[in-house]
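Reader: I'd like a close look at just one part of this model, with the cut-offs spelled out as you go. Here it is.

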Amino acid sequence: MDITLRLAQQPEADELLSRSPLAVMTGMLLDQQVPMEWAFTGPYTIAQRMGSDDLDAHEIAARDPEEFAALLSQKPAVHRYPGSMAKRVQQLCQYLVDHHDGDASAVWRDVPTGAEVLKRLNALPGYGKQKSQIFLALLGKQMGVTPEGWREAAGAYGDADAHRSAADITGQESLEKVRAFKQEAKRARKKT
């Protein structure tokens, strides 16, 4: 991949995300109940603790679950819930091994429509509709994956010039705009 992602706001972690489809997919999986930068730094931390410069779906899926959970639990922990997220990361990797020979980019490569990419993302363990739409928007907006109808399939996350999600983060300023959007949405939900 010849892209530059700035989701982790940390050069080494962003470099990994920019070249590794599995890393960015794993970062999106981890992006819940923790700050986005923490989630997207997770793949780099996992790779480092595994003694590698990238993630390998086959290796992660084959790892002893208790050992992998311990790896994510080391201080500082990869996630607020390292045990449950370790299980989810291994489930994701096992799915990729079983259905795509461990190749995360096969989920979207050569898929003709955004609706089909969304369907494939929805099938991933740990990916619900919202996470899938955000990831589809990230693919389209920042990773050059733009099958027919991708914006429509991504819903509001596919809107141009939006600042709703990780799909819209290109640096510190856009991160702050996304945070402001999320805080305002949270306030609006509390009022209803």
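How far apart are the end C-alpha atoms of helix α6, and what should its 19 residues span at 1.5 Å a residue? Walk me through that helix and what surrounds it.

Author: Happy to. A word on the source: this is a predicted model, so local features need pLDDT of at least 70, side-chain atom pairs count only at pLDDT 80 or more, and totals for chains, interfaces and linings use all residues. Residues are numbered from 1 along each chain as its sequence is written, and side-chain values use heavy atoms, with hydrogens and water left out.

Now your helix. The end C-alpha atoms of α6 (residues 82–100) are 26 Å apart, and its 19 residues should span 27 Å, which agrees. The expected span is 1.5 Å times one less than the number of residues. Helices here are DSSP runs of H or I with at least four residues, strands are runs of E with at least two, and both are numbered from the N terminus.

Which side chains does α6 tuck away? Buried means under 20% relative accessible area, exposed over 50%, and partly exposed in between, with a 1.4 Å probe and protein chains only. By that cut-off, the buried residues of α6 are Pro82, Met85, Ala86, Val89, Gln90, Leu92, Cys93, Tyr95, Leu96 and His100. As background, an α-helix has 3.6 residues a turn, so residues three or four places apart point the same way.

Those buried residues pack against α2 (21–30), α4 (57–62), α5 (65–73) and α7 (114–122), where contact means heavy atoms within 4.5 Å. Right after α6 comes Asp101, with a positive phi near 50 degrees.

Two of those neighbours turn up again around α8 (residues 129–142): the cover over the buried residues of α8 includes α2, α7 and α9 (150–153). In α8, 11 of the 14 residues are buried, so it is largely enclosed by the rest of the structure. Helix α8 reaches 20 Å from first C-alpha to last, close to the 20 Å expected. Gly144 follows α8, and its phi is positive too, near 75 degrees. Helix α2 also helps cover the buried residues of α1, along with α3 (36–49).

Stepping back, the protein has 10 helices and zero strands, and 50% of its 192 residues count as buried. Of the contacts with a separation of 6 or more, 56% join residues 24 or more positions apart. The C-alpha trace spans about 40 × 35 × 35 Å along its principal axes.
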